[in-house]
Amino acid sequence: MAVTVNDILHINKLADAVVAAGSRGLNKTVRRIATIEKPFLDHPDYCYEVVRPGDLYVSKLYVFQGHKEKLYEEIEFMRRTKGSGLITHKEVLPFLDEEVLRRADLYHIPIIAIDDDYGFTALNYSIIDLILKDEIAQVHVANLQRILSSNLSEEIIRKHILDIIPDLAENMQAVYLSTEEVISRNIFKIDQSDLLLPLFSGLLYVASSDDKAAIDRKKKGFIAKVKHSFVSYHVGISRCHTNLECVKTAILESIYAEAFGRFSEKPICGYDDLGTFALLLEMKNDPLLELFWRRFYEPILQYDGENKLDLVRVLELFIVSGGDYAAVCQKLFIHETTVRYRMNKIHDLLKYKNANEFYADARTAVYSNWILHDAILQKLKAA
């Protein structure tokens with residue numbers, strides 16, 4: 001969790017900013033703001049002494065007028081010192097030749113041009129505000145993780161959650177988002193009574209209100225923004241809760257729903273959709289769950305290790321598709337005869353004779369495997 005160049009692009013005044021080069025570096029962390037007053041070549045010892053990784057440079061680039069070779073070296077300097085990018089004004093764009101842009105692209109150093117009438121002082125204040133808010137958010141996230149991983153009393157949970165978001169209402173619903181893409185919290189506009197924090201590898205949103213209909217509108221608005229902003233994502237939605245002490249339950253439900261949706265390849269999943277998976281989650285700390293998983297999976301894993309038939313993947317797709325052989329074929333690009341042969345091999349390895357009994361146990365085993373080995377659920381193991 002940290003402010004990235006991409007977060008800065010979502011500052012209101014930067015809506016029309018142009019990423020001239022280095023777009024693959026937009027996820028770089030911004031630690032400080034630095035102003036380029038002189039080319040580093042003119043004072044190399046001093047510059048190397050004061051720079052830090054994550055410095056974001058802001059400059060009109062006047063000092064490089066007539067000295068483009070020095071600008072090339074400035075980009076090299078940013079690469080060597082792990083700078084996070086360069087912000088300038090649009091009027092400077094004609095000065096940035098192909099070589100500057102090529103190097104910035106090669107080194108993933110974003111060069112961003114903002115509107116000429118947006119002063120750097122105002123920009124600096126906006127970036128500093130983001131960095132300060134992020135530092136506060138880090139404290140909140142640490143407290144939230146402590147709430148989720150400890151057996152605190154309801155009274156203590158209420159106190160801690162109100163320290164994080166004082167205006168949280170009694171009625172609430174949690175939504176947990178995960179995506180492989182860069183997430184910027186700034187794209188979501190939330191009410192003062194709501195909570196929005198990065199959590200584990202995703203983003204947690206808790207909508208609250210005294211009006212349940214308002215919560216539903218907020219939830220739908222958040223999901224609509226997700227659909228608009230990301231190509232691939234998974235969203236988990238908790239049940240609605242009517243007591244502030246249930247905030248831990250709501251958050252866990254949203255995370256569990258996201259995990260189940262991710263496993264079962266559903267982009268949006270509600271906690272009420274979990275079925276047997278929810279029951280098995282109650283056993284996540286019980287040694288019996290791992291014992292059952294081992295008895296089912298170990299013969300398959302051993303056979304896979306010796307014969308490379310990828311039986312585990314076939315089994316899990318078979319469960320995800322609800323036992324539809326054709327769906328498994330489409331996902332693996334293999335013939336149905338091959339899928340049936342591999343499923344029959346699993347039957348033989350585990351000595352099942354009844355297909356219904358096998359499917360019930362296989363689904364339980366696959367769910368158990370997900371619960372036991374998912375990175376996020378492992379972090380919640382003590383919750």
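A residue is called buried when its relative accessible area is under 20%, exposed when that area is over 50%, and partly exposed in between. With these terms in hand, the tour passes through a predicted model, and every stop refers to a selection in the viewer.

**Whole chain**

Begin with the full protein in cartoon representation. Its secondary structure consists of 15 helices and 10 strands. Along the principal axes, the C-alpha atoms occupy a box of roughly 80 × 55 × 35 Å. Of the 383 residues, 49% count as buried. Among contacts with a separation of 6 or more, 73% are between residues 24 or more positions apart. Switching to a surface display shows an accessible surface of about 19,000 Å², and carbon and sulfur atoms account for 50% of that. Colouring by charge brings out 47 positive and 54 negative side chains, with the centres of the two sets 3 Å apart.

**Helix 8: a buried acid in a salt bridge**

Select helix 8, residues 247-263, and display Glu-258 and Arg-262. Their side chains form a salt bridge, at 2.8 Å from N to O. The two residues are separated by about one helical turn because they are 4 residues apart in helix 8. Glu-258 has a relative accessible area of 0% and is therefore buried, whereas Arg-262, at 26%, counts as partly exposed.

Remain in this helix and select Glu-253. Is Glu-253 buried or exposed? Its relative accessibility is 2%, so Glu-253 counts as buried. Beyond neighbours within four places in sequence, Glu-253 is in contact with Ser-238, Arg-239, His-241 and Tyr-271.

**Helices 3 and 4**

Next, select helix 4, residues 98-106, where Glu-99 and Arg-103 lie 4 residues apart, about one turn of the helix. The side chains of Glu-99 and Arg-103 meet in a salt bridge of 2.6 Å, N to O. Glu-99 is partly exposed, with a relative accessible area of 22%; Arg-103 counts as buried at 15%.

Now add Glu-69, which is placed in helix 3, residues 68-80. Its relative accessibility of 54% is the reason why Glu-69 counts as exposed. A distance drawn between the C-alpha atoms of Glu-69 and Glu-99 reads 9.6 Å, although 30 residues separate them along the chain.

**Helix 7**

Move to helix 7, residues 212-229, and show Lys-220 and Asp-216, which are 4 residues apart, about one turn of the helix. The closest N and O atoms of this salt bridge are 3.1 Å apart. Lys-220 is exposed at 52% relative accessibility, while Asp-216 is partly exposed at 26%. In general, an α-helix has 3.6 residues a turn, so residues three or four places apart point the same way. A search of the whole structure finds 25 salt bridges.

**Strand 8**

Select strand 8, residues 202-208, and centre on Tyr-205. With a relative accessible area of 3%, Tyr-205 is buried. Setting aside neighbours within four places in sequence, the contacts of Tyr-205 include Gln-173, Ala-174, Val-175, Ile-190 and Phe-222. For a longer span, draw the C-alpha distance from Tyr-205 to Tyr-359: it is 36 Å, across 154 residues of chain.

**Helix 11 and the loop before it**

Select the loop between helix 10 and helix 11, in which Lys-308 is found. Phi of Lys-308 is positive, near 55°, in a residue other than glycine. Asp-310, in this loop, also has a positive phi, near 60°. For context, most residues other than glycine have a negative phi. Lys-308 is exposed at 68% relative accessibility, and Asp-310 is partly exposed at 43%.

Continue into helix 11, residues 311-320, where 8 of the 10 residues are buried. Among them are Leu-311, Val-312, Glu-316 and Phe-318. Which helices should be displayed to see what covers these buried residues? The cover includes helix 10 (287-307), helix 12 (325-332), helix 13 (336-350) and helix 14 (355-373). After helix 11 comes Gly-322, with a positive phi near 70°.

**Helix 5: a surface patch**

Finally, return to the surface display and select Tyr-125, Ile-128 and Leu-132. They form a nonpolar patch with about 330 Å² of accessible area together. Tyr-125 belongs to helix 5, residues 120-149, and counts as exposed at 61% relative accessibility.

Methods
Residues are numbered from 1 along each chain as its sequence is written. Side-chain values use heavy atoms; hydrogens and water are left out. Buried means under 20% relative accessible area, exposed over 50%, partly exposed in between (1.4 Å probe, protein chains only). Contact means heavy atoms within 4.5 Å. Accessible areas come from the Shrake-Rupley method with a 1.4 Å probe; for residues, only the protein chains shown count as cover. Lys and Arg count as positive and Asp and Glu as negative; His and the chain ends are not counted. The place of a charge is taken as NZ of Lys, CZ of Arg, CG of Asp or CD of Glu. Patches are made of residues with over 30% relative accessible area and no salt bridge: like charges are joined within 9 Å, nonpolar side chains (Val, Leu, Ile, Met, Phe, Trp, Tyr) within 5 Å. A salt bridge is a side-chain nitrogen of Lys or Arg within 4 Å of a carboxyl oxygen of Asp or Glu.
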